[in-house]
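Visitor: Please take a close look at one part of this structure and explain how that part fits with the rest.

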Amino acid sequence: MAKGQEQAAAPDAVLTRIGQVAMLHHAGDREEARHRFLALWAEIGEHGDALHRCTLAHYLADTQDDPQEELAWDLRALSAAEELTGDLPADRREGTPAARALYPSLHLNLAADYDRLGHREAARLHLGHARAAAETLAPGRYGEGVRASIDRLELRLDGTGRGADGPGRPDGPQGRGRPPRQRP
């Protein structure tokens, strides 16, 4: 097997570590997950691999207590995804499919963040981006969950639905208006 093929087949250790911390978070230890995610962020750095930064910031946002901090992490995740899908030479686009698959969730999270902060127009803008990006998701549980979360937030923004947590907190499969996460 060629060296490039071996590397492509090898699991990404950083994404595996992110996934392990995400399982800790989903098991209910939000604070410990936040601390471990922040330690990983310090390791990766602001200029580290864009797929790693995108995935990590995407998960890290959900561990924040402050809605402004959650928005900041979600914006970091979107920025890193845009680095992956921008005008890069073909030989540097290895993370592009993964980043494109995250776009519906990234925009949905931003829409929910802006909604919680009372910025309805920004929320509607990102919800539109989420809906458009969700059209490319493959059929299955993840895609269905994302589309259902988009529908719920749209109802909330239209004033015809309320989330389980009250105003500004649309419900979702994981609460807080969040779509299901893809495994890193």
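Guide: The accessible surface of the chain comes to about 9500 Å², an area calculated by the Shrake-Rupley method with a 1.4 Å probe, where only the protein chains shown count as cover for residues. Carbon and sulfur atoms hold 51% of this surface. The model is predicted, so to speak of local features requires a pLDDT of at least 70 and side-chain atom pairs count only at pLDDT 80 or more, while totals for chains, interfaces and linings use all residues. Residues are numbered from 1 along each chain as its sequence is written, and side-chain values use heavy atoms, with hydrogens and water left out.

The chain has 184 residues, and 47% of them count as buried. Buried means under 20% relative accessible area, exposed means over 50%, and partly exposed lies in between, with a 1.4 Å probe and protein chains only. The secondary structure consists of eight helices and zero strands; these elements are DSSP runs numbered from the N terminus, helices being H or I runs of at least four residues and strands E runs of at least two.

The part chosen for the close look is helix H3 (30-44). The expected span of a helix is 1.5 Å times one less than its number of residues. For the 15 residues of H3 this gives 21 Å, and the end C-alpha atoms are indeed 21 Å apart. The buried residues of H3 are Ala33, Arg34, Phe37, Leu40, Trp41 and Ile44. They lie on the same side of H3, because they cover an arc of only 125° around the axis; the arc is taken from the directions that run from the helix axis to the C-beta atoms. On the face turned away from this buried side, H3 carries the exposed residues Ala42 and Glu43. Just after H3, Gly45 takes a positive phi of about 85°.

What does the buried side of H3 pack against? Its buried residues pack against H2, H4 and H5, and a contact here means heavy atoms within 4.5 Å. Leu56 illustrates the packing: leaving out residues up to four places away in sequence, Leu56 touches Ile18, Phe37, Leu40, Trp41 and Ile44.

The link to H5 can be seen in the side chains. The whole structure has two aromatic pairs, a pair being rings of Phe, Tyr and Trp (its six-membered ring) with centres within 6.5 Å; planes under 30 degrees apart count as stacked, over 60 as edge-to-face and the rest as tilted. Trp41 and Trp73 form an edge-to-face pair, 4.9 Å centre to centre with 85° between the planes. This pair links distant parts of the chain, since Trp41 is in H3 and Trp73 is in H5, 32 residues apart. Trp41 and Trp73 are both buried.

Helix H2 can be described in a similar manner. Its buried residues are Val14, Leu15, Ile18, Gly19, Val21, Ala22 and His25. They fall within an arc of 165° when seen down the axis, so they line one face of H2. These residues pack against H3 and H4.

Finally, H3 belongs to a wider setting. The largest nonpolar core has 44 residues, and those with the most contacts inside it include Ile18, Phe37 and Leu56. Such a core is a set of buried Ala, Val, Leu, Ile, Met, Phe, Trp, Tyr and Cys residues joined through side-chain atoms within 4.5 Å. H3 is among the helices that each supply at least two residues of this core.
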